[in-house]
Amino acid sequence: MQLSYWEIKNWFTNVDFTIVGSGIVGLHAALALRERFPSAKILVLEKGILPQGASTKNAGFACFGSISEIIDDLKTHTEEEVIQLIQKRYSGLQLLRKNLGDAALDLKPFGGYELFLKEDESFYNECEQKIPFINALLKPLFKADVFVKHVDRFQFGGIQEHLIFNPFEAQIDTGNMMQALLKKAHQNDILILNSQTVTQHQEVNDGVEVLTNGISFTTKKLVFATNGFAAQLTHNQVQPARAQVLITKPIPNLSIKGTFHLDRGYYYFRNINDRILLGGGRNLDFEGETTTSHDTTEQIQNRLEALLKNVILPQKSYEIDHRWSGTMGIGIYKKPIVQQLSNHVYCGVRMGGMGVAIGSLIGQEVADLI
Ligand SMILES: Cc1cc2nc3c(=O)[nH]c(=O)nc-3n(C[C@H](O)[C@H](O)[C@H](O)COP(=O)(O)OP(=O)(O)OC[C@H]3O[C@@H](n4cnc5c(N)ncnc54)[C@H](O)[C@@H]3O)c2cc1C
């Protein structure tokens, strides 16, 4: 595309910071840079017409790990690593709330629950037994018990007697959050260009040459906030992980309220506007779900439907309204990668399944590297 003199002069000359990706991380990085550099030219390049990864696709859990996820993580990470990750997720949530405000997030502090299927008896027993241990581990952070046993008052089907409740968990409206974040970026004179896929970048003397599907220009610093699309950039330390979701039509007299976890975080559901939003099932086909495609599959959607019918809404009639999927960025280690990659290039990627929580903090951390 031939740009005009004006376009080159105003948009693409003396660019101080270019951020690739307009998700939670990219926009927080841009806002953190604006705070430190009030008159810098800051550009965000986004390949989708909207953010096209996870930030506008997710379930809106303001969470930091269910008890089964924490127990599972302790099998592959040290206690210190797990506590640090939980601390960062919790601090990230506080930062998100401070930056946007609870009203803009439509934050609802209903708490979160974990439920266990009848067939998962031994893991249920393990989690129940480990409640005091995990609570002791998290006490310095939360100054109170995080996990307590609750009787099921939601009339779920085919589950163990008790749910494990976490009063610190909340739900947000993902659409409202991202619109508020985009609005804040615009208000702070951050220029967001959509439908621009960064295809190449190259270090030059005093910056980086950036090539997209439409333009090329030089920026002083380049930040990748491309999460699930960062496999090549990170030598496969980040892999894409598709997450599929469905949502019902409004259900009269729906009593389910809160965020709910099942099966080590592989399934999750919540109420939203009298509907149930349910996602997960990646564990049914890890290989097939290692993809950036935004399709849904019959295998996983059928499992979600079966859970809805037999476990979540066994006594209700309902209709499924809509299905979609998004792309997460995961790896062997859950810790996000915040790194300087070369002289003028940085990245903040690998948010895993809790980027709503940790994303704002990682945006800030990658900006602080500069
Ligand atoms: C279905 C689903 C449910 C989830 N539920 C929750 C939840 O309840 N709670 C929670 O905490 N987390 C949840 N997550 C995870 C959370 O949404 C993510 O961790 C978080 O949004 C990641 O933010 P990000 O900014 O790092 O990445 P993204 O939002 O994926 O942003 C990266 C952006 O980079 C753009 N991009 C990539 N490559 C290029 C390129 N070459 N050029 C230009 N642009 C590019 C992409 O289009 C994308 O918009 C969920 C994720 C999914 C998919």
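In this predicted model, the second largest pocket holds about 350 Å³ of space. Its lining is made up of 16 residues, and those closest to the centre of the pocket are N58, T174, G175, L277 and W324. Three elements each give two or more residues to this lining, namely helix 7 (174–187), strand 14 (267–272) and strand 16 (320–330). By class, the lining of the second largest pocket consists of seven nonpolar, six polar and three charged residues.

N58 belongs both to the residues closest to the centre of this pocket and to those with a polar atom beside the ligand, since a polar side-chain atom of N58 lies 3.2 Å from a ligand oxygen atom. Backbone atoms also approach the ligand. A backbone N or O atom of A54 is placed 3.0 Å from an oxygen atom of the ligand, and for I24 the corresponding distance, again from a backbone N or O atom to a ligand oxygen atom, is 3.1 Å. The ligand taken alone exposes 1000 Å², of which the protein buries 97%. Helix 2 (24–36), strand 12 (239–248), strand 16 and helix 9 (355–368) are the elements that give two or more residues to the shell around the ligand.

The ligand is surrounded by 38 residues, with E46, Q52, S55, F61 and V198 the closest. In terms of class, this shell divides into 19 nonpolar, 16 polar and three charged residues. Strand 16 therefore contributes two or more residues to the ligand shell as well as to the lining of the second largest pocket.

Strand 12, one of the elements of the ligand shell, contains Q244. The relative accessibility of Q244 is 1%, so this residue counts as buried. The side chain of Q244 is engaged in a polar contact with the side chain of E289, at a distance of 3.2 Å.

The loop that precedes strand 12, between strand 11 (216–224) and strand 12, holds T234. With a relative accessibility of 4%, T234 also counts as buried, because the limit for that class is under 20%. Two backbone atoms lie beside the side chain of T234. The backbone oxygen of A230 is found 2.7 Å from a polar atom of this side chain, and the backbone nitrogen of V238 is found 3.2 Å from a polar atom of the T234 side chain. Across the fold, the C-alpha atoms of T234 and L361 are separated by 20 Å, with their positions 127 residues apart along the chain.

Helix 9, another element of the ligand shell, includes G363. This glycine counts as buried because its relative accessibility is 0%. Between G363 and A30 the C-alpha to C-alpha distance is 7.8 Å, although the two residues are 333 residues apart in sequence.

Enclosed space was also examined. Two cavities of 30 Å³ or more are counted. The largest cavity has a volume of about 40 Å³ and is lined by S66, I67, G112, Y113, E114, F147, I164, N166, E169 and H261. Strand 4 (112–115) and strand 6 (162–166) each give two or more residues to this lining. Strand 4 provides the largest share, three residues. The lining of the largest cavity comprises four nonpolar, four polar and two charged residues.

The second largest cavity contains about 30 Å³ of space. Its lining is formed by S68, E114, F116, D120, F123, D263 and R264. Two of these lining residues are nonpolar, one is polar and four are charged. E114 appears in the lining of the largest cavity and also in that of the second largest cavity.

Key
Residues are numbered from 1 along each chain as its sequence is written. This is a predicted model: local features need pLDDT of at least 70, side-chain atom pairs count only at pLDDT 80 or more; totals for chains, interfaces and linings use all residues. Side-chain values use heavy atoms; hydrogens and water are left out. On a 1 Å grid over the protein atoms alone, a cavity is a set of points where a 1.4 Å probe fits but cannot get out, and a pocket is an open set with protein on both sides within 12 Å along at least five of seven lines; lining residues have an atom within 4 Å of a point. Grid points are joined across faces, edges and corners, and a volume is the space filled by probe spheres set on the points. Helices (H or I, at least four residues) and strands (E, at least two) are DSSP runs, numbered from the N terminus. Ala, Val, Leu, Ile, Met, Phe, Trp, Tyr, Cys and Pro count as nonpolar, Asp, Glu, Lys and Arg as charged, and the others, Gly among them, as polar. A residue is near a molecule or strand if one of its heavy atoms lies within 4 Å of it. A polar contact is a pair of N or O atoms within 3.5 Å; within protein, one must be able to donate a hydrogen and the other to accept it, and residues adjacent in sequence count only if both atoms are side-chain atoms. Accessible areas come from the Shrake-Rupley method with a 1.4 Å probe; for residues, only the protein chains shown count as cover. Buried means under 20% relative accessible area, exposed over 50%, partly exposed in between (1.4 Å probe, protein chains only).
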